[in-house]
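Let's practise reading a model together. Keep the picture in view and work through each exercise before you look at its solution.

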Amino acid sequence: MSLKSERRGIHVDQSELLCKKGCGYYGNPAWQGFCSKCWREEYSKARQQQIQGDREFAERLQREEEAAYASSQGAPSLTFSKFEEKKTNETKRKVQTVKKFFSPSSRGAQKKGNYLHLFT
Ligand SMILES: [Zn+2]
């Protein structure tokens, strides 16, 4: 029994020395048993998978939002669509106020321009 486990231990040690991918290079425990080349490959693959996963998650969120918006069109009782409506109205009102603010000052600027023209 002890001999068997010993032999298995040696076998595991040998395979642990070699790169996990079996490329023939020696692995390093710091790189999870991969050689530096395969570790970089595995690392970039994992990163790409993560990026892909993030994109899928964002796309799914967008689809869910669109679906919620589409369903809110037929259900005006939803607070979200009401809030959006209110926000749009407020923005319009603000734009009108800004226009009111601007028209007298722009007229004043015109007068000033005329005055300067007369002066020169
Ligand atoms: Zn390798």
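Here are three short exercises on this predicted model, each with a worked solution.

**Exercise 1.** Find how many helices and strands the protein has, and in what pattern they follow along the sequence.

*Solution.* Start by counting: there are three helices and zero strands. Next, read along the sequence, and the pattern is α-α-α. Finally, look at confidence: the mean pLDDT of the protein is 74, with 48% of the residues at 70 or more. Among the elements, α1 has the lowest mean pLDDT, 54, and α2 has the highest, 94.

**Exercise 2.** Work out whether the span of α2 fits its number of residues, and whether this helix is in the open or not.

*Solution.* First, note that α2 covers residues 36-73, which is 38 residues. At 1.5 Å a residue, 56 Å is expected. From first C-alpha to last, α2 reaches 55 Å, close to that value. Now check burial: zero of the 38 residues of α2 are buried, so the helix lies largely in the open. In the protein, 2% of the 120 residues count as buried.

**Exercise 3.** Locate Q32, then decide whether Q32 is buried or exposed.

*Solution.* Begin with the place: Q32 sits in the loop between α1 (2-17) and α2. Then count neighbours: Q32 has 12 C-beta neighbours inside 10 Å. Exposed means 12 or fewer, so Q32 counts as exposed. One last detail is the backbone: phi of Q32 is near 60°, a positive value in a residue other than glycine.

Conventions:
Residues are numbered from 1 along each chain as its sequence is written. This is a predicted model: local features need pLDDT of at least 70, side-chain atom pairs count only at pLDDT 80 or more; totals for chains, interfaces and linings use all residues. Helices (H or I, at least four residues) and strands (E, at least two) are DSSP runs, numbered from the N terminus. The expected span of a helix is 1.5 Å times one less than its number of residues. A residue is buried if 20 or more other C-beta atoms lie within 10 Å of its own, exposed if 12 or fewer, and partly exposed in between; C-beta atoms are placed from the backbone. pLDDT is the predictor's confidence in each residue, from 0 to 100.
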